Structures are given as C-alpha cells and as structure tokens.
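Biologist: I'm new to reading strands and hairpins. Could you walk me through some?

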Amino acid sequence: MKKLLIPALLAALLVGCSTTPLPEDSNGAPVESRSGSSSTGVAPVTAGGLDSSGLPRELTDPKSKLSQRSIYFDLDSYEVKGDYKDLVAAHAKYLVANKGFKVLLQGNTDERGSREYNLALGQKRAEAVKRSLTLLGVSEGQIESVSLGEEKPKNPGHDEAAWSENRRADILYKAADGRGEF
Amino acid sequence: MSLFFRLIFLPFFLLTAGFAHAQLSIEITGAGANRIPVTIVDFPGDPAASRVITSTVRADLERSGLFKLVDHSGLALDENAPINHADWKGRGADALAAGSIARSADGRMEARFRLYDTQKGVSLGGAAYVTNATQLRAAGHRIADFIYEKLTGEKGVFSTRIAYVVKARGQFLLQIADSDGQNAATALTSTEPIISPVWSPDGGRLAYVSFEKKKPVIYVHSLASGQRHIVANFKGSNSAPGWSPDGRKLAVVLSKDGFSQLYSVNADGSGLQRITSSSGIDTEPRYSADGGTIYFTSDRGGSPQVYQIGANGGDARRVTYEGSYNVSPRPSPDGKSLAFISRREGRFQLAVMDLASRQVQVVSDSNKDESPSFAPNSRMILIATEVGGRGVLSAVSSDGRIKQRLSVAAGDVREPAWGPYFQ
C-alpha cells in the first residue's frame, strides 16, 4: 500500500495545485531538503564515471610513438594531414599486431557555432582517422569513432591558439581484458 | 516607466548554500511598447501567504513585458469587494485583480480571485486554486496565467518549467526550474557534459545526451522518479533527440552507419528507422507541430542550412537560403514560425522565419546565441548566449521587443529547454 502511495504523492507534488480542490495529497511536505527535490517533484541522480588504467607501457611511455594520441586538424578541415602519417601508421601497426586491443577515436571541434552541429563535425574528424587506420589494415571491429564536439576542450581559451588545439581527434585504448582508457 | 528597466528578483528559496541550488536570477532588459496597465491589490487573509501569491503574480506580469503595474497603494480587497471602477480607471489601471487567501480544514491554502475590466466596469471572471502551503508560488503563477490569457487573448506560460544545464566547479548539472527561475532542482549531476535536453510533450520526462560513457549517448529520464534509460547507444555517436508531438517517438542522430544521419526510435529504444541517407551531415531534427515533417540541419548543399523532410523520410526541401551558416531549427508550437541560429558577419544570432511569407528577422542583439527553445505559447524563445564571458540564458519575444536574461551567480548556464503547458 505504501509502495503504491509514493508515485501518487510525487504526482501530487508535481502538479502543485489545481482549479478545484485536489484529492487528498501530501500534508507536511518539506519546504526544502538538502537534495532540493521534494518540493519540486524532481529526484536527483548522479551519473557514474569510468576507470582508466592497466595499459602496456609502450602505449603510455612518453618515449614511445604510441603515447602520442592526438591528431590536429586545420580550420574547417576533416582530412588527416601528412604530418600525422607516421603517427597513424604506428597505431595501425600496433592494432594489426594486437587484435585484442580496441581504440575509441574521439573527434573534437572548437567552440564556435551549434553544439550539435559541432558534434557532427567532430564525428567527421574521428571518421577520417578511422579511414586512415582501416586503409592500413586495422579491422573495423577494433575501432569505434565517436565525437565529443565542442564539449571537452583541451584548451578552455577563446582565441585562435585555443581553437587550433581543440580541432583534434584523440585515440583511446582498451586492452582485451577490458582495462584501458574508455 | 522607461522602456528599458532593470529588475532583479532575488532567489526566494535560497535557504541552503551550495551550487546544487545554483539559482537563476532574472533581469529584464527590454519590454513591449504598449503595456497593459494593471493593478494587483493585496489579498486579505494570511498576510505571509498573501504576500507570496501577490508578489508572484506581479513579478510574472511585469517580467512578461506586456503589463505595467499600477500602484495599489497598499490596499487589500477580496474577490467579492465592490470595486470603484471609475476610481481605478482614473489611476490609470485598465484592469484590476482582487482576491483572498483562506486556510482550509486540512491545512491547505485556497487562493480565490477575480479580475475586473475597469474600462467597462465588468468582471472578467475568477477562479479558486487550492494548494499546500509550500506551493503558494504555483498558485500565483496560475493566477498570473489567468490574467495574462484574459487580457492578451493568449495562454500564459508562467506555470511552465524550464530545463537547462549549469557548468560549475567541473560538474554538469541538469536542472529544472519554474519559468521565473525559482524553485530550481537538480535532476542529474555528472562530471561529463550533458547537452540537448528536450521535454516530452507530457512534461514528465526529459531526453538528453550525456557523455558519461566517454561518448554521446541518448537517455530518457523520468523527473519524478529519477529513473532513466538509454534510448540510443549504438556504435559511434548518438545525439540530438527531438520528441514527436505524440510523445511516442524521438528523432535522433546516429553515426553508426558513417556520418551523422537522422533516425527515429520509439521512446523505449525499440523500432529504429532511418530517415535520411545523405553523404554528409544531417543533424538537429525537430518534428513540426503536426508531426508530419522534420526540420533539420544539413551540409548537403555545401554549407550548413535548414531543411525539411517527411517524418518517415523522402525528399528534403531546403528552408534557409540567406548566409552560409543556418543551424538549430526549432518550429514554433503554433506552426507559424521557425526559430534558428544564423551566422551573420561572424555573429551567431537568433533569427525567426515567418513560415507563410518566408521572411527572416534577426531578433537578438547578442552574438554567441545557441540552442533556441520556444515557450509553449510560441511568444517567447529561450536561448543560450554569452555575456561578459559567462554563459547565460536569454528569453526573447519572437518579435525581438521583449528581452529577459537569466543567469546563475557562479557558473555557466546553457542548453535551455522550455517545457510544455502545465498539465
């Protein structure tokens, strides 16, 4: 009976008031609780995070080429530049040799314009890196390309120097045992 | 009173410290040219309750930009008191509302009121609202909605709620507040970004994009229970949800087949159907008010422009032509206009197209506008913009005359979504 009452109480709280007398609703609802939810009909939720650790040293050692994970793009460009040929080739070689490993390619954009349109533009950058890797023999099943759009700027500034750092795709690794960066 | 005036409504519920309660404050920066002069007298009865209700009504009407409050000289009149229409007319009030507050046997409050047309010397009707003592402001919003509708002929939106995202101290808070920024509550807290919240037509749920899984994933979240479920988590990016008017489906953007394309999916995540098949970007889908078509952004013509397509696909028709960047289309609930963001000389501004004449008007004077959202009566549009390097929300009337700014003290506010009518 109590279980049934709770949604009814919440519904009554959400409705707040009515033109004609309401059916019996919650007496003595708190004005304001620490979570701030009860007087508004909004229950608070906290989203969980993910761990990242446990990758082989050759992927994380700063002396290793494979520790370089970022590919930068020109303004309004979605092509992987020649400068990154060796970097992409090194990652392709590693993924071909280590089929248990997977990568998440995250495309990013600068902050100007629509968030959702930027999300789609970041996707184009991630797809460009994916195409380079698959052309070098990496299996599609090892790659997921996604976009963070303008939401996760590496440089929070608002000038060209910051924007050029944020026009970027990053490579994140995950080992066969599920440990890794995503 | 001058056309431009300033009013800051201090947070009423700012009892506890902490940014989880990050409260919106509202500043009015522009008002309508011909405001209706109206008097709201004090309501006899419990003085504290009367103050909450009448101040809510007055603030609502003033904030709308369509009314000018005429001083009530501290007078209290109940809904049955005789009204000296000539006297109030002489003081400049075209309309007057009087009422009373009574406590019912079960401890709840009953607010009664009546609205008068002092020009004609007649009653325009009245109502009684019963509420518990903590919801008095809600009763005030209902009274303001009644007055607004009687005097303007349009439905009021004071009883509606808004959703928005606050970024503060490295956290992202999806918050819900009353349309006046009061009574804010946090529905979701995350260390990763939350974007693109949209209200279900019944006002009980929000769809949004969360990055908590290191990629964009679409959720539907029931506000009262806090329960949420994933609607789209396909390989690649999942973003830009838009509810169908019947609340059964969402138009979404998925990159599972390559670039970003439009799909529709049932609200429980089943029944995925592809809508567009282009070689470029298709995103930001929004159903038209009748549900028959979808407006969206596409770069298929070389630059991002607004297009329209049947709700199940078919041939797309280009809608915007001026300029090289027109994005984030939002059809108005009355089906008469389309709001979108247009880049003009490097400024991103809110533009409104009259769908009958295809005339476009830029209605904002800011330059980093994003994410427009219509009020359910189609009169106001809420946008995210930037003032002094901080993210704020701005409400602009669809003719650009009335402007309000909503900000929080310590953080960026963004991604606004105006909820449906009170149900």
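Modeller: Sure! Keep in mind that this is a predicted model. Let's begin at a turn: the hairpin of β23(B) and β24(B) has 2 residues between the strands, and Glu345(B) there takes a positive phi near 50 degrees.

Biologist: And how do strands in a sheet hold on to each other?

Modeller: Strands of a sheet pair through backbone hydrogen bonds, either parallel or antiparallel. Here, β23(B) and β24 (residues 347–354) of chain B pair in the antiparallel sense over 8 bridges. For one matched pair, look at Ser342(B), whose bridge partner in β24(B) is Gln349(B).

Biologist: How many bridges join β22(B) to β23(B)?

Modeller: There are 4, and those two strands run antiparallel. You can find Pro331(B) opposite Leu338(B) of β23(B). Their hairpin has 5 residues between the strands, with Gly335(B) at a positive phi near 75 degrees.

Biologist: Why is β23(B) largely enclosed by the rest of the structure?

Modeller: Count its buried residues: 7 of the 8 in β23 (residues 337–344) of chain B are buried, so the strand is largely enclosed.

Biologist: What about the edges of a sheet? How do I read those?

Modeller: Try the open sheet of 4 strands in chain B, ordered β14-β15-β16-β17 with antiparallel pairing. β14 (238–243) and β17 (273–274) of chain B are at its edges; each has a single partner strand, so one side of each lacks a neighbour in the sheet.

Biologist: Which residue of β17(B) stands opposite Tyr263(B)?

Modeller: That's Arg274(B). β17(B) pairs with β16 (residues 261–266) of chain B in the antiparallel sense, over 2 bridges.

Terms used. Residues are numbered from 1 along each chain as its sequence is written. Chains are lettered from A and ligands numbered from 1 in the order in which they are written. This is a predicted model: local features need pLDDT of at least 70, side-chain atom pairs count only at pLDDT 80 or more; totals for chains, interfaces and linings use all residues. A residue is buried if 20 or more other C-beta atoms lie within 10 Å of its own, exposed if 12 or fewer, and partly exposed in between; C-beta atoms are placed from the backbone. Two strands pair if DSSP finds at least two bridges between them.
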